[in-house]
Amino acid sequence: MSLAEQLDAIREASGKRRPADKQAIMGQATADLRASGILDDVAKPGDHLPDFSLRNAYGVEVHSADLLSQGAVVLSVFRGTW
């Protein structure tokens, strides 16, 4: 199964767990963001990002250059709860 297929399955499963009212709020927020043009400046798959450092889930600072020296990097951002 491709990554895109896996992500679609995750979205579908999580959508079934959310109450309809929360789903509607999230849907409207997503539509508003898309309409704002914010996606015009978002990094696209395959784009190169500048070097950066972030703290991981354990509070340890991780440097992108160190990770890239080991291979490809996938960056996932958790935005919190609604």
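This passage walks through the fold, surface and charge pairs of a predicted model.

Starting with the overall layout, the secondary structure of the protein adds up to 3 helices and 2 strands. Going along the sequence, these elements come in the order α-α-β-β-α. As for dimensions, the C-alpha trace covers about 45 × 30 × 30 Å along its principal axes. The radius of gyration is 16 Å, whereas a compact globule of 82 residues would come in near 12 Å. Burial tells its own part of the story: just 4% of the 82 residues in the protein are buried.

Next comes the surface. The protein exposes about 7,400 Å², and 59% of that area is supplied by carbon and sulfur atoms. A nonpolar patch of about 320 Å² sits on this surface, and its makers are Leu-33, Ile-38, Leu-39 and Val-42. One of these residues, Ile-38, is found in the loop that runs between α2 (20-36) and β1 (53-55). Ile-38 has a relative accessibility of 45%, so it is classed as partly exposed. That value also clears the patch cut-off, because patch residues need over 30% relative accessible area.

Then there are the charges. The side chains divide into 9 positive and 11 negative ones, with the centres of the two sets 9 Å apart. Side chains of opposite charge can pair when their charged atoms come close. In this model, a search of the whole structure turns up 4 salt bridges, and three pairs are described here.

The pair in helix α1 links Arg-11 to Asp-8, with 2.8 Å between the closest N and O atoms. Arg-11 and Asp-8 are 3 residues apart in helix α1 (residues 3-17), so about one helical turn separates them. How exposed are the two partners? Arg-11 is exposed, at a relative accessible area of 52%, while Asp-8 has 46% relative accessibility and counts as partly exposed. Exposed here means over 50%, so Arg-11 makes the grade with its 52%.

Another salt bridge joins the side chains of Lys-22 and Asp-21, at 3.6 Å from N to O. Both of these residues fall in the partly exposed class: Lys-22 has a relative accessibility of 40%, and Asp-21 has one of 46%.

A further bridge brings together the side chains of Arg-55 and Glu-61, with an N to O distance of 4.0 Å. The cut-off matters for this pair, because a salt bridge calls for the nitrogen to be within 4 Å of the carboxyl oxygen. Arg-55 is exposed, with a relative accessible area of 59%. Its partner Glu-61 is partly exposed, with 41%.

Taken together, the predicted model pairs an α-α-β-β-α pattern with a buried share of 4%, a nonpolar patch that includes Ile-38 and a total of 4 salt bridges.

How values were computed:
Residues numbered from 1 in each chain as written. Predicted model: local features only at pLDDT ≥ 70, side-chain atom pairs only at ≥ 80, totals over all residues. Heavy atoms only, no water. Patch = residues over 30% accessible without salt bridge, like charges linked within 9 Å, V, L, I, M, F, W, Y side chains within 5 Å. Areas by Shrake-Rupley, 256 points an atom, 1.4 Å probe, with all protein chains shown as cover. Helix = DSSP H or I, 4+ residues; strand = E, 2+ residues; numbered from the N terminus. Buried < 20%, exposed > 50% of the residue type's maximum accessible area, 1.4 Å probe, protein only. Rg over C-alpha atoms; globule rule 2.2 N^0.38 Å. Lys, Arg positive; Asp, Glu negative; His and termini not counted. Charge placed at Lys NZ, Arg CZ, Asp CG, Glu CD.
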